[in-house]
Amino acid sequence: MADRAGRTGRTDGAERAGGAAAGAPPGVAWAPDAAERRDLAVRAAVEQGLVGGADAAPPLVCLLDTAGIRESAAALTEAFAAALPPGTPVLHAFAVKAAPLVPVLRLLAGAGLGCEVASPGELALARAAGVPAGRTVLDSPAKTVAELREALALGIAVNADNRQELERLDALVAAGPPGPPASPIGVRVNPQTGAGAIDALSTATATSKFGIALRDPGAREWLVRAYLDRPWLTRLHTHSGSQGVPLPLIAEGVREVHALAEEINAAAGRRQVDTLDIGGGLPVNFASDAHTPTYAEYVAALRAAVPGLFDGSYGLVTEFGRSLLAKHGLILSRVEYTKTTGGRPIALTHAGVQLATRTVYAPAAWPLRILPYDAKGAPKTGPPVAQDIAGPACFAGDLLATARELPELSPGDLIGVPDTGAYFFTAHYGYNSLPRPAVHGFTTTPGGGVRFALARRAQTLSEIAAEAGAATPDALP
Ligand SMILES: *Cc1c(COP(=O)(O)O)cnc(C)c1O
């Protein structure tokens, strides 16, 4: 793999080797690593007409590396299994909002994962993927009575966000069949351990909107009492944030929740809290192909901060999203035009705010790499030139990258935007009525061939019109 940069002659400065996949041992058939699989897929996507530099092919497509997704799911499962006594119940519930695609949820279910859902739509996707109620967790700060009732009827685990939601659950449990509810029920706690690098994604701040704030005056005593009064509260939940929250801060939040569980159980005189839901939030490296930090590093940080979490006395639920999918997604767009304005070369592409909303509105917090390919889908080389990579939307800020050093792009070239498998093209933003592009999963064969499977077809223009009220044009007389 060391010769990879030389082989491809990449000049984008990104480290293109060093992904999760190890090189094949001697005597074993060559297995491409993640960066090599990506390049194979780009070329095949052009050859098979999924995207193209010419007008006949679609200008935009999104790809998912299914082998990579499976590798991440296995790495997560193995990291926890290696640290826990055999037989400890663990549910890794994928945070559906990170990649709300039914085939992705089904793939992950096949790898042993469940689903964390936070809206009726996400629950519908999990059910469409065949994820059983017993492997589904419902979190949301604004669950309606109807949603809570449905979750309890199905036996889906529920984490209550606040005191009023707990009162609604009191009424629903009292009105339900005798005995404890079929759903495991917990309370989300905000450990108030502080913010990470991105405020909008930090959920454990002093004033976060999520959960019951543990350090507010009287809160801890209130929580212990709430559990003693409700023998059916058997879980505690926390999630300290996503992207930008460092591992020690995540671990500190989990330590707080573990200590609270111990306190509740001591007060109850029994192991009333039997499961801790420790959320997700493992950050992703957007600067290179390296998967850092790893799940094993996360487990090691947790073990150091909360040894009791791994003694088998609690079942565990995790809710990872970004770290399972991000590295395995690629946006591929044609460069439609190039121009120079005010001395700055600009490449006008079809990949913009509709797919990378956070990057466009908060570029400093969400930088993305840009990988240049020629019209045939081969990595493009050449002396670096500072260029802006612009999207198709009608506002000046629709830029994926500014003054990025890349080989000079020409119309018909392609740009790849890696690390976009979570929260990017699956979280479409409907600005300018730009359609949702197709998403294809891909696998590579031992000979270097690539097979695509459609995970989501492109949105059609008639669907856009229909969703915009085309059936009722005279509705506003
Ligand atoms: C968003 C979210 C997650 C997933 O976070 P990632 O950073 O994608 O791992 C997990 N749990 C809850 C409650 C969330 O809101």
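This report covers the ligand site and the cysteines of a predicted model.

**Ligand site**

The ligand occupies the largest pocket. Around the ligand stand 15 residues. Lys97, Ser242, Glu319, Arg322 and Tyr423 are the closest of them. Sorted by class, the shell holds 6 charged, 6 polar and 3 nonpolar residues.

Oxygen atoms of the ligand make polar contacts with the protein, among them those tabulated here.

| Residue | Protein atom | Ligand atom | Distance |
|---|---|---|---|
| Tyr423 | polar side-chain atom | oxygen | 2.5 Å |
| Arg322 | backbone N or O atom | oxygen | 2.8 Å |
| Gly321 | polar backbone atom | oxygen | 2.9 Å |

Tyr423 reaches a ligand oxygen through its side chain. Arg322 uses a backbone atom, and so does Gly321. On its own, the ligand has 390 Å² of accessible area, and the protein covers 94% of this. Arg322 and Tyr423 also belong to the closest residues listed above.

**Cysteines**

How many disulfides does the model have? The count is 0. A disulfide is a covalent bond between the sulfur atoms of two cysteines. Here the cut-off for such a pair is 2.5 Å between sulfur atoms.

Why does Cys62 form no such bond? The closest cysteine sulfur, that of Cys394, is 20 Å from the sulfur of Cys62, which is too far. Seen from Cys394, the closest cysteine sulfur is in Cys62, again 20 Å away and too far for a bond.

Are these residues buried or exposed? Cys62 is buried, at 0% relative accessible area. Cys394 is exposed, with a relative accessibility of 62%.

Methods. Residues numbered from 1 in each chain as written. Predicted model: local features only at pLDDT ≥ 70, side-chain atom pairs only at ≥ 80, totals over all residues. Heavy atoms only, no water. Near = heavy atom within 4 Å. Polar contact = N/O pair within 3.5 Å; in protein donor to acceptor, adjacent residues only side chain to side chain. Areas by Shrake-Rupley, 256 points an atom, 1.4 Å probe, with all protein chains shown as cover. 1 Å grid on protein atoms, 1.4 Å probe; cavity = no way out; pocket = protein on both sides within 12 Å on 5 of 7 lines; lining within 4 Å. Sits in = over half its atoms within 2 Å of the grid points. Nonpolar A, V, L, I, M, F, W, Y, C, P; charged D, E, K, R; others polar. Buried < 20%, exposed > 50% of the residue type's maximum accessible area, 1.4 Å probe, protein only.
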